[in-house]
Amino acid sequence: MSQGEFSVLFVCLGNLCRSPTAHAIFKHKVAKTALKVRVDSAGTSGFHAGSLPDRRTCEAGEKRGYSFKGQRSRPVSEEDFAQYDLILAMDQSNQDDLLARCPEEYQHKIQLFLEYAGHEQIEVPDPYYGGRRGFELVLDLVEQGCDGLIRKMKSSAP
Ligand code: 4NP
């Protein structure tokens, strides 16, 4: 663990859809607990740096009560590997990209986010080129992953 509060970075490709969703949902759920966690999200690509989260992501998420306020896309930086305690990839390709860039000493921080959901689906599918149902599926899966992660954090809290 880093100094002070625990920190979690959610990572997808564009930091427009899946990781902003995880960022918003995890922040919302953590606020209802006594846990103190710093949360952020980033993309393995910098294609959309500075952009707001995807409009479809915000519309679907806001309907469920989540806020995307203050979020802007940014690429993963070298400092992230040292600074965050957990770096959670949305799919296998994101995880491979992170592992290829991450110094050896921090590789253990990089995990597949959905492993915390405890079921057979281990990837959050990219909804970017699909329809509305894909965004609802992202919300469903990310809610399950966040619930599992919070359960794990509560059970390992001192
Ligand atoms: P995300 O979705 O990785 O969940 O943010 C994508 C956003 C943008 C692109 C691909 C996926 N893109 O190719 O621009």
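**A tour of the cores and helix packing**

Begin by selecting V37, which, leaving aside residues up to four places away in sequence, touches E5, F6, S7, V8, F26, V30 and M153; contact here means heavy atoms within 4.5 Å. The model is predicted: local features need pLDDT of at least 70 and side-chain atom pairs count only at pLDDT 80 or more, while totals for chains, interfaces and linings use all residues. Residues are numbered from 1 along each chain as its sequence is written, and side-chain values use heavy atoms, with hydrogens and water left out.

**The nonpolar cores**

Add F10, F26 and F113 to the selection. Together with V37, these residues touch the most other members of the largest nonpolar core, which has 35 residues. Such a core is a set of buried Ala, Val, Leu, Ile, Met, Phe, Trp, Tyr and Cys residues joined through side-chain atoms within 4.5 Å; buried means under 20% relative accessible area, with a 1.4 Å probe and protein chains only. Two or more residues each come from β1 (6-12), α1, β2 (37-43), α2 (55-63), β3 (86-89) and α5. These elements are DSSP runs numbered from the N terminus, helices being H or I of at least four residues and strands E of at least two. Helix α5 provides the largest share of this core, 9 residues. Select next V76, F81, C102 and L112, which are among the 12 residues of a second, separate core.

**Helix α1 against helix α5**

Display residues 18-30 (α1) and 132-156 (α5), whose axes lie 9 Å apart at an angle of about 45°. That angle makes α1 oblique to α5; angles under 35 degrees count as roughly parallel, over 145 as roughly antiparallel, 65 to 115 as roughly perpendicular and the rest as oblique. Axes are lines fitted to C-alpha atoms, for helices over the stretch in contact, and angles run from 0 to 180 degrees between N-to-C directions. From α1, select R18, T21, A22, I25, F26, K29 and V30; they meet V138, L139, V142, E143, C146, D147, L149, I150 and M153 of α5. The residues of this contact comprise 11 nonpolar, 1 polar and 4 charged. In this grouping, Ala, Val, Leu, Ile, Met, Phe, Trp, Tyr, Cys and Pro count as nonpolar, Asp, Glu, Lys and Arg as charged, and the others, Gly among them, as polar.

**Helix α2 against helix α5**

Turn to α2, which packs with α5 at an angle of about 55°, the axes being 10 Å apart. The two helices are therefore oblique to each other. In their contact, α2 contributes R56, T57, A60, G61 and K63, and α5 contributes R132, F135, E136 and L139. By class, this contact has 3 nonpolar, 2 polar and 4 charged residues.

Stay on T57 in helix α2. With 3% relative accessibility, T57 counts as buried. Its contacts, apart from neighbours within four places in sequence, are L16, C17, T21, F68 and F135.

**Strand β2 and the loop after β1**

Select A42 in strand β2. A42 counts as buried, at 0% relative accessibility. Not counting residues up to four places away in sequence, A42 touches L9, F10, V11, C12, N15, S19, R74, P75 and V76. A distance label between the C-alpha atoms of A42 and A89 should read 9.9 Å, although the two residues are 47 residues apart in sequence.

Finish at N15, in the loop between β1 and α1. N15 is buried, with a relative accessible area of 2%, and its phi is near 55°, a positive value in a residue other than glycine.

Technical notes: Buried means under 20% relative accessible area, exposed over 50%, partly exposed in between (1.4 Å probe, protein chains only).
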